[in-house]
Amino acid sequence: YSQDSKTLIPDCIRTPLYPFFIFLLKKLFLNFYGIIFIQIIISSATCSLSSHIAGQIISNKKVGILAGIFLAVDLPSVFFANTLMTETLFTFLLLLSAYFLISFLKIHKSSYLIVSGIFLGLTILCRPIAVYLPVIFAIAILLSRKTFPASLRFLKIRSAFFLLLISYTIITPWLLRNHLTFGSPILSPIGKINLLYYTASGIRAEKENKMLFQIQNEYRETSINNFNWEKTEEIVSYEKYCAEEAMKIILENTFTFLKNQSILFFYFF
């Protein structure tokens, strides 16, 4: 599993589910446009699923239909459905896990909880940012008073623990592979790399009156000159370097960091 087709140096930056998804579609003799077509179908199914979930939560079909329409005309969702990126598959898996969790909370059928945990694990393998979602889902179970009366308190605790166990068991083979390959059971260093190349680099670009790509190129040169990428264990050292360098810049420019994050937060909505 590598990003380099010549030397086949092992990689752990990209979590494996989306590349495997593309691999399967390529085996079905689908080209770029065929893969995009499948993603558009998945995106359409996501709109229907969103509509169904909203209708379940609020017990109002009209609200559910409105939620599906909002997602159908959401421009970022439309854009990402037409690109080879993880967003479309990630959203679909996330909503599937939420759907089965809601179904479990209503019926208390253990198979729904198992399927929710499996989809949560796959969501993490699609985008590592989802690694904390099982904890949030478990808290949702613990806080569900209407669906779990006081007499079923033990079942509620057991269900939350079981969901965590299933979700993190799904990603265990990937963590084991990384431990054997890189000497550390890391999920992915992409979060710390992005923290340096975007958040910290954006701060430096503003402070030093440079373009963002100039700062990023400096860090790329640093990575080329100071890390031996033929050694698999270097990725762990590089992850540590990215985290330390990024935090140093953020702490030295706390106000700029908070200002930039506030602007991004506003743009997001």
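Here are legends for a few close-ups of this predicted model.

**View 1. Phe79 and Phe80 make an edge-to-face pair.** Searching the whole structure turns up 16 aromatic pairs. In the one shown here, the ring centres of Phe79 and Phe80 are 5.2 Å apart and the planes meet at 70°; anything over 60 degrees counts as edge-to-face, so that's the label this pair gets. As for solvent, Phe80 is partly exposed, with a relative accessible area of 23%.

**View 2. Tyr112 belongs to an aromatic cluster and also has a lysine over its face.** The cluster is made of Tyr99, Phe100, Tyr112 and Phe119, linked through ring pairs. Look for Lys109 too: it lies over the face of Tyr112, 5.6 Å from the ring centre.

**View 3. Arg127 puts its charge over Phe90.** Here the charged end of Arg127 sits 5.6 Å from the centre of the Phe90 ring.

**View 4. Leu89 and Ile141 are the best-connected members of the largest nonpolar core.** This core has 39 residues, and these two touch the most other members. At least two core residues come from each of helix H1 (17-27), helix H2 (32-58), helix H5 (87-107), helix H6 (110-126), helix H7 (133-142) and helix H8 (153-182). H5 gives the largest share, chipping in eleven residues.

**View 5. Another core lies apart from the largest one.** This one has 14 residues, including Leu196, Ala200, Ala205 and Ile250.

Conventions
Residues are numbered from 1 along each chain as its sequence is written. This is a predicted model: local features need pLDDT of at least 70, side-chain atom pairs count only at pLDDT 80 or more; totals for chains, interfaces and linings use all residues. Side-chain values use heavy atoms; hydrogens and water are left out. Rings of Phe, Tyr and Trp (its six-membered ring) pair if their centres lie within 6.5 Å; planes under 30 degrees apart count as stacked, over 60 as edge-to-face and the rest as tilted. Buried means under 20% relative accessible area, exposed over 50%, partly exposed in between (1.4 Å probe, protein chains only). A charge sits over a ring if NZ of Lys or CZ of Arg is within 6 Å of the ring centre and within 35 degrees of the ring normal. A nonpolar core is a set of buried Ala, Val, Leu, Ile, Met, Phe, Trp, Tyr and Cys residues joined through side-chain atoms within 4.5 Å. Helices (H or I, at least four residues) and strands (E, at least two) are DSSP runs, numbered from the N terminus.
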